Amino acid sequence: MAGIKSGKAGFDSIIIEPHNAGSIKWMEAEYNSSNGKIVSKWTNTGVVTKYDIKTPAPAKIIINGKEHDVEADAYEFSI
């Protein structure tokens with residue numbers, strides 16, 4: 001559900017593809033990679049799903065099939 005995966009060995013690039021699952025209202029996961037902490041969090045209000053993603057290295061964030069190539073930083077998406 002958090003969708004945190006390594007894009008290259010050692011998490012030098014990261015793929016984050018969280019999945020909102022049915023009746024679950026929120027999810028948060030962290031992974032301490034060799035480049036720093038990766039955070040994937042989402043909350044579902046029933047109307048809007050808010051995704052909060054933090055990556056310490058370049059990443060591909062995939063939300064509802066739409067890809068976002070990003071640099072190391074924190075990002076927020078609302079769907």
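## Exercises on an all-strand model

K54 stands opposite A74 in strand β8, and the exercises below work outward from that pair. The model is a predicted one, in which local features need pLDDT of at least 70 and side-chain atom pairs count only at pLDDT 80 or more, while totals for chains, interfaces and linings use all residues. Residues are numbered from 1 along each chain as its sequence is written, and side-chain values use heavy atoms, with hydrogens and water left out.

**Exercise 1. Find how strand β5 and β8 pair, and place them in their sheet.**

Step one is to list the elements: the protein has zero helices and eight strands, where helices (H or I, at least four residues) and strands (E, at least two) are DSSP runs numbered from the N terminus.

Step two is the pairing itself: β5, residues 49-55, joins β8 in the antiparallel sense over six bridges, and two strands count as paired if DSSP finds at least two bridges between them.

Step three is the order, since four strands form an open, antiparallel sheet that reads β3-β4-β5-β8. β3 (26-33) and β8 (73-78) stand at the edges with a single partner strand each, so one side of each is left without a neighbour in the sheet.

**Exercise 2. Identify which residues touch the most other members of the largest nonpolar core, and which elements supply it.**

Begin with the term: a nonpolar core is a set of buried Ala, Val, Leu, Ile, Met, Phe, Trp, Tyr and Cys residues joined through side-chain atoms within 4.5 Å, and buried means under 20% relative accessible area (exposed is over 50%, partly exposed in between, with a 1.4 Å probe and protein chains only).

The largest such core has 15 residues, of which I14, I16, I38, Y51, I61, I63 and F77 touch the most other members. Two or more residues come from each of β2 (14-16), β4 (36-44), β5 and β6 (59-63), and the largest share, three residues, is that of β6.

Finally, follow F77: leaving aside neighbours within four places in sequence, F77 is in contact (heavy atoms within 4.5 Å) with T49, K50, Y51, I61, I63 and H68.

**Exercise 3. Compare the radius of gyration of the protein with that of a compact globule.**

The radius is taken over C-alpha atoms, and the globule rule is 2.2 Å times the number of residues to the power 0.38. For 79 residues a compact globule would have a radius near 12 Å, and the protein has 12 Å, which agrees. The C-alpha atoms fill a box of roughly 35 × 20 × 15 Å along the principal axes, and buried residues make up 33% of the 79.
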